Structure formats: C-alpha cells, structure tokens
Amino acid sequence: MTTLIYQNFIHGAFVANKSKETFPVINPATDEVMYHVEVADEYIQRQAIGSAQQGFAQWSAMTPVERSRILNKAVYLLRERNDELAKIEVLDTGKPIQEADCVDIQTGADVIEYFAGLAPTQMGAQQPVGDDFFYTRKEPLGICAGIGAWNYPLQIACWKSGPALAAGNALIFKPSEETPLGAIKLAEIFIEAGMPAGVFNVVQGAANVGQWLTTHPEIEKVSFTGEVGTGKKVMQSAASNLKEVTMELGGKSPLIVFDDADITEAVSAAMLGNFYTQGEICTNCTRVYVHKDIYQAFLTELKTRTEQNIIAGDPLDPKVNLGALISKQHQKLVLDYIEQGKNEGAKLLTGGHALTPESAPNGYFVAPTIFVDCTDDMTIVKEEIFGPVMSVLVFEDEDEVIARANDTELGLGAGVFSLNIQRAHRVIHQLKAGICWINSYGNSPAEMPVGGYQQSGIGRENGVETLNSYTQTKSVYVGMSKIESPF
Ligand code: NDP
C-alpha cells in the first residue's frame with residue numbers, strides 16, 4: 001500500500017519540501033495512521049513568504065467588490081462540498097458527523113460570507129481643518145499569519161481568513177499538526193474560486209513552524225487560537241517586530257442557573273456546553289452553578305438525560321453524538337483530571353472513565369462525566385480540561401455566585417439562566433467574560449464579536465470590529481493654503 005503524503009500548499013499548488021521530513025496523522029476514532037504530511041522546512045518557509053508577497057501585491061490592488069466576489073464563490077464551493085469536507089473533519093478530529101455536517105463547514109462559510117459582504121463597505125473619512133483638510137484610508141496590514149487549534153480546524157481557518165482576506169491582506173495559515181487537512185481543502189477552494197496564488201498559503205508542522213511565523217519580520221499580524229500558555233509564547237515572539245496579535249485562548253466558563261430558570265432548558269445548555277464536540281470547545285461552561293432550591297431537580301434531569309441520550313461510537317455513524325478525543329495523550333490528560341477530581345473529594349454523578357464503544361473500540365473516548373458537590377478550590381473546577389467533564393456547584397445568593405464565577409484568571413464565556421430579565425442582565429453585566437449568553441449557550445453567529453477577557457484572549461473574531469483589526473489607518477493631511485513657516 002502506498003503512503004498518502006500531503007505537501008505544503010504554496011502559491012496555488014502543492015510544493016515538496018527539501019528535508020523530506022513528514023509527520024503522521026492519526027484517526028482518533030480508530031488509532032490508525034491515515035496519511036502523512038510534509039513539514040514546512042526552511043525552503044518551504046522561504047517560498048511561503050515570497051509567494052505571499054506576490055499574492056498580497058495582486059490582492060490588495062483589487063477593489064473590495066472584486067475580492068468580495070471571489071470570497072463569495074469560495075463560500076458557494078464550501079457549502080456545495082459540505083458533506084465531503086465534514087467527513088474530512090470527522091476523520092481528523094474524531095467529532096461526530098452529525099455535528100460536522102451542519103456546523104463546522106456552515107459556520108466557517110457564514111463568516112467568510114459575512115466579511116465578503118462587509119469588505120466593500122469599508123470607508124475612510126474626510127474632515128476639513130480650516131482651509132486644509134485630511135482624509136483617512138483603511139489599508140491592509142500586509143502578510144498576516146493564522147495559527148489554529150485542532151478542535152474546529154476548517155472553521156478556524158475560515159474565521160481567520162474571512163476578515164484577513166476581505167480587508168486585502170495575504171494570510172499564511174498553520175493548522176494544528178493533528179488536523180492538517182481542512183485548511184488545505186480551503187486553500188484549494190480559494191484557488192478554484194479565482195483567488196490569486198499566494199493570497200492564502202498553508203504551511204504544516206508543529207510548534208517550531210508556528211514559532212517561525214510569529215518571529216518572521218515580514219509578517220505584520222498573528223491571529224492565534226490555542227492554549228493560554230502557548231498564547232503567551234506567541235505574544236512574546238510577536239513582540240520581536242511589534243506584530244499585532246489576536247489571541248483566542250482557553251476558558252473555564254461559568255453557567256449560573258437561578259431558581260426561577262426553566263430547568264429543562266438549563267440542563268440542555270449545560271449538556272451542550274460540556275458534551276458537544278466531546279467537550280473540546282473553548283467556551284464550554286465547565287463550572288455549572290445551580291441554585292440550592294433547584295439543585296436536586298436539576299441533577300435528576302441532568303443524570304437521566306446524560307445516561308439515556310448520549311451515544312458514543314464511530315463518529316461517522318449519524319446516530320453517534322459523542323466522538324473520540326483528539327489523541328491518546330489528550331485522553332490520558334482528561335482521565336488524569338477525572339482521577340484528581342475523585343481524589344480531591346468531588347462526587348461522581350455519572351461517567352468518570354474511558355469508553356470502548358463497539359463500533360470504535362480503539363478510539364480515544366471518555367464517558368460524559370459529571371462531578372457534583374464540587375468546591376471552588378478543586379483542580380477540576382479551576383483548570384481547563386478540554387474534555388467531557390462537567391463540575392456542578394451549589395449557590396445560594398446572587399452576589400455570592402457572581403464573586404465565585406469571577407474568581408478565575410480566565411474570562412472567555414459565561415451564561416445565566418433566569419426568567420427574571422432584570423436579574424439576568426444585571427448578573428451578566430458583572431461577569432468578567434467576553435462571550436455571554438442569557439437563556440442560551442454556545443451560539444456564535446458571524447455577526448457577533450467573540451473573544452476573551454483577562455487571560456482568555458486579546459482582540460475579537462467575527463463582527464465588524466474584526467475587519468478593522470486587519471487594517472491600519474493612514475491619515476493624509478492636504479494643505480490648501482500657503483505654509484506658514486518661521487524659517
Ligand atoms: P495549542 O496552544 O497547543 O496549539 C495551538 C496551535 O499553536 C497549534 O497549531 C500548535 O501547533 C501551535 N503552536 C504550539 N506551540 C507554538 C509556539 N510556541 N508558537 C507558535 N505556535 C505554536 O492548543 P491546542 O491545539 O491544544 O488547542 C486547544 C486549546 O485551544 C484549548 O486551550 C482551547 O480552549 C483553545 N481554543 C480557544 C478557542 C477560542 O476561540 N478562544 C477556540 C478553540 C480552541 P501543533 O498543534 O501542531 O503543535
């Protein structure tokens with residue numbers, strides 16, 4: 001059997017590296033190597049920059065409407081190939097096809113479409129100053145870099161390329177080593193849609209390739225999605241030539257369920273916010289605070305629905321709604337957290353172990369796990385686990401729960417369930433988090449800016465402000481009268 005090897009995608013084509021170095025990509029649901037990918041060595045890195053310079057020159061000279069037309073063609077192709085692309089995401093990530101089929105590609109395409117629509121609306125301003133005047137131009141930054149995590153590979157590539165390219169920049173994207181294929185497919189689609197070569201290049205590899213991107217003097221901005229610790233390293237290297245940065249980092253988000261909440265709705269939110277994508281979502285509400293008066297009722301429904309409605313197994317089976325974790329190593333990390341939870345005195349309501357479903361016996365599955373009677377000082381309550389592990393805590397009063405919810409250095413998401421609208425808004429306004437939901441959890445439309453407070457991030461993705469963050473303002477002062485000079 002010949003080994004399938006993917007090369008780096010540079011200047012509209014696959015380009016072979018010189019070092020011949022490759023890495024394997026494993027299907028998390030089967031523990032089998034599916035294909036290999038060539039590492040972006042120094043040769044590829046040089047090609048990527050040279051190509052992006054050419055791509056940028058051509059792309060930034062086009063009108064926003066021309067760029068928008070090409071981006072919209074790519075959106076059409078993404079939607080047309082939804083099923084094929086969704087399957088690629090399932091094989092790379094281990095997530096269920098029932099999710100990838102209707103979320104990953106669609107929400108990626110939505111964001112490119114949104115920014116394609118916004119691109120032609122970008123305008124500078126003009127203002128008189130006496131007889132003179134000045135005007136401003138919104139200019140692209142140049143070559144930007146995108147570095148992605150492994151949980152939503154194609155969607156992250158779309159979320160970063162949409163605004164960057166709409167604003168007229170070129171983007172060099174590095175997907176996670178664990179999920180390299182989605183970004184390549186997007187690159188092929190952009191070329192097919194008529195985008196000039198070099199506008200979107202994909203380089204492959206691990207941390208050292210990411211580091212190269214974050215230190216290269218020709219790169220003006222880095223948009224990073226990943227862990228807090230890696231984000232700090234990226235910012236440090238980006239400081240070498242004062243690159244702009246956007247940081248989409250981890251979270252340990254609270255969901256607060258008041259005594260007047262619709263319990264069934266709140267349970268749905270807690271389950272979605274802990275078990276969707278087998279818990280590998282940055283905004284997950286892994287700290288669920290429930291008011292003491294509804295605590296037992298909430299737990300009863302949560303346990304029943306978790307034990308009856310979750311089906312783990314081959315992620316390509318449309319009935320399966322809990323997939324495999326990304327790697328064996330990550331599965332171990334999640335199981336270690338579970339052990340730590342038990343050791344520190346949290347009580348298991350359900351789960352707490354690995355799973356070996358009949359249809360995917362070698363996959364890296366962890367049972368949906370719920371700890372109850374948790375206290376704020378437990379490790380499982382404080383640290384991001386990034387797996388299907390929920391901690392439930394009891395509270396009695398509003399001020400108390402706000403203080404406890406805010407007792408973290410992170411600040412990505414937060415949710416409140418209450419039918420008292422004044423209380424819901426009052427509480428949300430006091431939570432230190434960038435992405436908040438009232439009587440809902442997890443929705444993230446292209447129009448809504450998303451990003452973290454505190455150590456969960458810097459800058460935003462999606463929404464109008466993100467387009468601006470991929471531009472720089474040039475002010476042009478025009479003298480209409482004679483210069484007054486003392487010389
Ligand atoms: P990592 O931080 O491990 O990796 C993210 C990316 O950075 C990968 O492409 C990785 O390469 C690369 N990388 C690793 N080290 C460096 C470095 N020193 N310099 C530059 N790039 C580097 O995150 P994960 O992939 O493990 O993703 C999970 C994390 O992402 C969680 O914390 C989650 O909360 C967060 N996340 C945040 C989101 C948000 O929008 N706020 C959305 C999704 C996830 P490689 O993997 O190939 O080593």
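Here a biologist and a modeller talk through a predicted model, asking how each label is earned.

Biologist: Let's start with the ligand. What makes a residue part of the shell around the ligand?

Modeller: One of its heavy atoms has to lie within 4 Å of the ligand. By that rule 27 residues surround the ligand, and the closest are Gly148, Glu177, Thr230, Leu249 and Glu384.

Biologist: What classes of residue are in that shell?

Modeller: There are twelve nonpolar, ten polar and five charged residues.

Biologist: How do you know that Thr230 makes a polar contact with the ligand?

Modeller: The cut-off is 3.5 Å between N or O atoms. A polar side-chain atom of Thr230 sits 2.6 Å from an oxygen atom of the ligand, so the pair qualifies.

Biologist: And what makes Glu227 and Glu248 count too?

Modeller: Glu227 uses its backbone: an N or O atom there is 2.8 Å from a ligand oxygen. Glu248 uses its side chain, with an N or O atom 3.4 Å from an oxygen of the ligand. Both values are within 3.5 Å, so both pairs are polar contacts.

Biologist: How much of the ligand does the protein cover?

Modeller: On its own the ligand has 900 Å² of accessible area, and the protein covers 89% of that.

Biologist: Which elements give two or more residues to the shell?

Modeller: Those are α8 (207-215), β11 (219-225) and α9 (228-238). The most comes from α8, with three residues.

Biologist: On to the sheets. Why are β6 and β23 called edge strands?

Modeller: Their open sheet runs β6-β7-β23, with antiparallel pairing. β6 (126-129) and β23 (471-478) each have a single partner strand, so one side of each is left without a neighbour in the sheet. On average, neighbouring strands here are turned by 25° against each other, ignoring direction.

Biologist: How do you know that β7 and β23 really pair?

Modeller: Pairing takes at least two bridges. β7 (residues 132-140) and β23 have eight, in the antiparallel sense, so they pass. As for a single bridge, Thr136 has Ser475 in β23 as its partner.

Biologist: What about the sheet with seven strands?

Modeller: That one is open as well, in the order β15-β18-β19-β14-β13-β20-β21, with mixed pairing. Its edge strands, β15 (347-350) and β21 (435-438), each pair on one side only.

Biologist: What makes β20 and β21 a pair?

Modeller: Again, at least two bridges are needed. β20 (residues 413-417) and β21 are joined in the parallel sense over four bridges, so they count as paired. Ala414, for instance, has Cys436 in β21 as its bridge partner.

Biologist: Last one: why is the Tyr6 and Tyr35 pair called edge-to-face?

Modeller: Ring centres must lie within 6.5 Å, and planes over 60 degrees apart count as edge-to-face. Here the centres are 5.2 Å apart and the planes at 80°, so the name fits. Tyr6 is in β1 (residues 5-6) and Tyr35 in β5 (residues 32-38), so the pair ties together parts 29 residues apart in sequence.

Definitions and conventions: Residues numbered from 1 in each chain as written. Predicted model: local features only at pLDDT ≥ 70, side-chain atom pairs only at ≥ 80, totals over all residues. Heavy atoms only, no water. Polar contact = N/O pair within 3.5 Å; in protein donor to acceptor, adjacent residues only side chain to side chain. Areas by Shrake-Rupley, 256 points an atom, 1.4 Å probe, with all protein chains shown as cover. Nonpolar A, V, L, I, M, F, W, Y, C, P; charged D, E, K, R; others polar. Axes fitted to C-alpha atoms, helices over the stretch in contact; angles between N-to-C directions. Phe/Tyr/Trp six-rings, centres within 6.5 Å; stacked < 30°, edge-to-face > 60°.
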